[in-house]
2 protein chains.
Amino acid sequence: MAVALKAPLAHEVIPVAGIELGSTEAGIRKANRRDLVVLRLAPGTTVAGVFTLNRFCAAPVELCKEHLASGAPIRALVINTGNANAGTGAAGRAHVEQTCKELAQMLGIRPEQVLPFSTGVILEPLPIARLLAGLPAAVAALRADHWLEAAQGIMTTDTIPKGASEVVEIKGTKSGGRVTITGIAKGSGMIHPNMATMLGFIACDAKIAQPILNALVKRIADRTFNRICVDGDTSTNDSFILMASGAAALEPFDSADDERLPALEEALVRVAKKLAQAIVRDGEGATKFIEVHVEEGKTEAECLAVAQAVAKSPLVKTAFFASDPNLGRILAAVGYSGISDLDFGRVKLYLGDVLVAVNGELAPGYREEDGQRVMQSSEITVRIGLGRGAASQSLWTCDLSHAYVTINAEYRT
Amino acid sequence: MAVALKAPLAHEVIPVAGIELGSTEAGIRKANRRDLVVLRLAPGTTVAGVFTLNRFCAAPVELCKEHLASGAPIRALVINTGNANAGTGAAGRAHVEQTCKELAQMLGIRPEQVLPFSTGVILEPLPIARLLAGLPAAVAALRADHWLEAAQGIMTTDTIPKGASEVVEIKGTKSGGRVTITGIAKGSGMIHPNMATMLGFIACDAKIAQPILNALVKRIADRTFNRICVDGDTSTNDSFILMASGAAALEPFDSADDERLPALEEALVRVAKKLAQAIVRDGEGATKFIEVHVEEGKTEAECLAVAQAVAKSPLVKTAFFASDPNLGRILAAVGYSGISDLDFGRVKLYLGDVLVAVNGELAPGYREEDGQRVMQSSEITVRIGLGRGAASQSLWTCDLSHAYVTINAEYRT
């Protein structure tokens, strides 16, 4: 069902020196399913993260934030699927603490050096015994070339594992060299800024000082994982983690003014964008991949609000599913997106390369068959001009199909 | 597909002295379909309205507001379905002006004494010739007992005509007597506060001064039509009109302090609430009618924000469709509803009479089969306690089913 998305081949998710991954079938919710993943990070690796803004956030998210804030050097990540350990109260908290403690013992580190992640059903007790019993096998499997298995091990309703890599040549007067970036992600439903039911883990082998990494993770999330929408629901467990092992030869990035930083940041954004778009392409029931681009706004914030209103509208999404150029629905969503002084007489709408509406009404040359042609494509760009400024924003979404209803009606069965 | 909703019988929508209705099959979009309705109001009738907040509002909505603001006594309404006359620019404006002018000529009144309404497909030219050609037949059919035909004549994707009446005995030291209230409404998809793709017309035979009626229409909308949500889309054409013919014997309501006013207002709210809930019960693809009640909030606004987040969530709505007590999805929606200082440790969730979650986690005595039992009912109340105040708010919504996708994917075909 995924839109133009293939599983990466093992050699396409390139090992990052200093990062090892191991996974196993712990039987957390279902048998015969890779559902427990451990990452071991070499000493000296810096780690930064951004997390769900949902007030009902899960026990692992809370502990993750505490461990990152403690300043302890992070040396391991542990991720389970099948259960989100959210809405699980004191028991959920005890379970995630125990998980960190047992993994720390196995790896000879302290519990606060472990970041825990869970994804899956909310409001059910974490099957902690099965999780703990699976840890030794996951640790035994730790290897640098296990990224693809890890990508498989964090899937829930995903139909395809998501991974991406890039090797980038960094140049500069300071010291240049090759940086390897690899990331994996999961997510398919409950996808909306900020953030989605998604987990994203990206590692590189550059050495990046903590303050630089903290700023990078936020900027990258804002341009990628916070620009995707499947169904408008924000989950309890979303996390995006950026790791820098420092194993590469080039000198550390320890200043925000480092002239080499933009090239590294753009490469990280490219990997993150591939993963973010892969989540939308694998959106629950998705048959179309849609970029909503809003331009000529007064501010980026209002462009984003318009893009989100369009991307969230069930009426717009079902029209895309049906390849029906019922484009008034898009204009209606623009109209209720919250810009109280929007002059509709200046609004333009393009569907792909076709000008559909201008001055708030149907464009004179528009022909239904042109709209139809664009709608039948599986990759569609909607471009909306607000006619009131120079700001612009894009986000990526998918259509709303029968399969979405089926998947979400039957999620727990 | 509608949830516990039957078409009213002709004698259940009671004539209101001073109001006549006529309708016809004008063939505006489809043949053999009652799609044009005229209301004639006796001299002395006061009229007030509330309209969509969508910035992309339709030509008839703009003209309606102008005619109401002009102070001219409103003497007629004209409503067409099949085409919303929205996003139609100068031509759409000319069409609606022409409609008012021709109807005014037939009725011997001025164009600004006519309120026009359109509902249906957006962004397509109004077939004005067919509309105008239908007016004489609609006018010829004007009768006081044609409310049911009018209810049928304003339907679009509605499967059932919506009408309600109440005869209320008003008492007071001033003068008492019987007031007859009758209303009709349409709406099924694109339903969300403020307001829905809905039209609502309620008339009573009390005499109500314009300032009192203006205040009443807003208060009634806020308690009824602005408390329903099918899919979260706000349309371009929503209108709710309140008419008071003054034909009843009792003295006018011309002061906001009139001791008789609360009884009249409550009766009007009961009729409006029946119509509003009928819209949800006939929601596109609806199989369940759900009341979301949020209590213990600091403010009514935050209660409403929580209720809306729950009512809009596609994940919550598909879980209801599946009768799956996947109640974490409700808590997740509460979590992202925007209360930044919400303490989840104080949140309670009831499904019907079953306590599901307390202190932000699964209630100790909760059993899945109890949740399942409530979910299988076609009328469900979700009660959420925020544990931070005394404010409360309710709204009414429905589930998200395969039929919703089918209806909206095929709307224009």
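In the predicted model, chain B and chain A bury about 4400 Å² between them. Carbon and sulfur atoms account for 59% of this buried area. The elements giving two or more residues to the side of chain B that touches chain A are the helices α2 (89-107), α8 (314-321), α9 (328-335) and α11 (402-409), together with the strand β14 (361-362), each of chain B. The largest share of that side, six residues, is supplied by α11(B). Classified by residue type, the side of chain B that touches chain A comprises 26 nonpolar, 18 polar and nine charged residues.

Contacts across this interface involve 53 residues of chain B and 53 residues of chain A. Three residue pairs are found in polar contact between the two chains, counting pairs in which both residues have pLDDT 80 or more. The number of salt bridges between chain B and chain A is zero.

Within chain A, an acidic residue was examined in its local setting. A:D399 is located in the loop that lies between β16 (391-398) and α11 (402-409) of chain A. The residue is buried yet has no salt bridge. The nearest side chain of opposite charge is that of A:K288, at a distance of 5.3 Å; because a salt bridge requires a side-chain nitrogen of Lys or Arg within 4 Å of a carboxyl oxygen, this pair does not qualify. Polar partners are nevertheless present. The side chain of A:D399 forms a polar contact of 2.4 Å with the side chain of A:T287, and a polar atom of the A:D399 side chain lies 3.0 Å from the backbone nitrogen of A:K288. When neighbours within four places in sequence are left aside, the residues in contact with A:D399 are A:G285, A:A286, A:T287, A:K288, A:I290, A:K317, A:F320 and A:F321.

A second position in chain A, A:L21, belongs to strand β1 (residues 19-24). The relative accessible area of A:L21 is 0%, and the residue is therefore classed as buried. Excluding residues up to four places away in sequence, A:L21 touches A:V38 and A:L39 as well as A:A141, A:L142, A:R143, A:A144, A:H146, A:W147 and A:A150. A further relation across the sequence links A:L21 with A:L148: the two residues are 127 residues apart in sequence, whereas their C-alpha atoms are 9.4 Å apart in space.

Key
Residues are numbered from 1 along each chain as its sequence is written. Chains are lettered from A and ligands numbered from 1 in the order in which they are written. This is a predicted model: local features need pLDDT of at least 70, side-chain atom pairs count only at pLDDT 80 or more; totals for chains, interfaces and linings use all residues. Side-chain values use heavy atoms; hydrogens and water are left out. Helices (H or I, at least four residues) and strands (E, at least two) are DSSP runs, numbered from the N terminus. Buried means under 20% relative accessible area, exposed over 50%, partly exposed in between (1.4 Å probe, protein chains only). Lys and Arg count as positive and Asp and Glu as negative; His and the chain ends are not counted. A polar contact is a pair of N or O atoms within 3.5 Å; within protein, one must be able to donate a hydrogen and the other to accept it, and residues adjacent in sequence count only if both atoms are side-chain atoms. Contact means heavy atoms within 4.5 Å. Buried area is the accessible area (1.4 Å probe) that two parts lose on being put together, summed over both. Ala, Val, Leu, Ile, Met, Phe, Trp, Tyr, Cys and Pro count as nonpolar, Asp, Glu, Lys and Arg as charged, and the others, Gly among them, as polar.
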